[in-house]
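Hi everyone, thanks for making time. I'd like to walk you through a structure, so here it is on the screen.

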Amino acid sequence: MKSNRYLKWFAVASTIGMLLILLGGALVTKTDSGMGCGRHWPGCNGQLIPDEITAEVLIEFSHRLVTGSVGILIVILAVWSWKSIGHIRETKFLAIAAVFFLILQALIGAAQVLWGQGDFILALHFGISLLSFASVLLLTLLIFEVDRKFDADKLQICKRLKWHTIGVSVYSYFVVYTGALVRHTESGLACLDWPLCQNAAFALPRNMFEWVQMGHRTAAAFIFVWLLIIMIHALRHYKNQRVIYWGWSIAFILVALQATTGMLVVLTRLNLYIALLHSLFITLLFGLLTYMILLVSRSKLSK
């Protein structure tokens, strides 16, 4: 019993650690600190611990330290979960996924430092970290037996909502990728107005940067409408299943906050704190959507 309590605390710490990795990576990108340690990895500017500290060095080196430290936590969590709750069907898959995607995102980060990568490859970095975060989050929820508390095996979800859940979750990853592409192609200020690129006159984007920016806005607008439709459906038909009712309500709140901060990022000309909140909201939304998929996989089909 005591061991299970320790596992819960460890899982929470690991989840928070993964969130810090995601936000730290976003901070590195948004502050252009990726080359803070030069072309050296795992060392920094030819040293194990840099003696000359600048803002860029501090941000990049701190991100590496957090990633390495949390990486150890994730490996321990994966092994511990495997042994303690391995009888739960999703545990082993999630444990492997958490470690695999964490290592993969670290290798992409290292490759960027050592050799450089194209913008379209770098845009995958945040998304891969997101998959690792979602795996750790779901492991944590399994450890806390959240699915049992919500009677996930007794839920009845219609086929329409099941397909909506899977579809919007997969699509959300595409939205994340387009957002990361905006950052890595430095297209954040390609369009200074909102919601159009130029509010004075409707026109198609004139260059690649505007296409990237407006492509992301269009993708974000579509997921906003999609989640609104799903929320309305849940509010109408799932009042007696509170995890579905509140889950989709919270999902819509998160996408609304994500859209609002996305607008403010443009209007405040890339304010760092708002940009980090933008990354935080999409991270929480993606984590919630993966949990909704877990519920769908556990539920019974209703008419």
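What should the 26 residues of helix 6 (residues 159-184) span at 1.5 Å a residue? The expected span is 38 Å, and the end C-alpha atoms are 38 Å apart, which agrees. That expectation is 1.5 Å times one less than the number of residues, and helices here are DSSP runs of H or I, at least four residues, numbered from the N terminus. Just after helix 6, Glu186 has a positive phi of about 55°.

A quick word on provenance. This is a predicted model, with local features needing pLDDT of at least 70 and side-chain atom pairs counting only at pLDDT 80 or more, while totals for chains, interfaces and linings use all residues. Residues are numbered from 1 along each chain as its sequence is written, and side-chain values use heavy atoms, leaving out hydrogens and water.

Now to a helix pair. The axes of helix 2 (residues 55-85) and helix 3 (residues 91-114), lines fitted to C-alpha atoms over the stretch in contact, come within 9 Å and cross at roughly 160°. That makes the two helices roughly antiparallel, the term for angles over 145 degrees. By class, their contact (heavy atoms within 4.5 Å) has 11 nonpolar, five polar and three charged residues.

Let's finish with Val57, which lies in helix 2. Val57 counts as buried because its relative accessibility is 4%, where buried means under 20% with a 1.4 Å probe, protein chains only. Beyond residues up to four places away in sequence, Val57 touches Gly36, Cys44, Asn45, Pro50, Glu52 and Ser62. The C-alpha atoms of Val57 and Cys37 are separated by 5.7 Å, with the two residues 20 apart along the chain.

Key:
Axes fitted to C-alpha atoms, helices over the stretch in contact; angles between N-to-C directions. Parallel < 35°, antiparallel > 145°, perpendicular 65-115°, else oblique. Nonpolar A, V, L, I, M, F, W, Y, C, P; charged D, E, K, R; others polar. Buried < 20%, exposed > 50% of the residue type's maximum accessible area, 1.4 Å probe, protein only.
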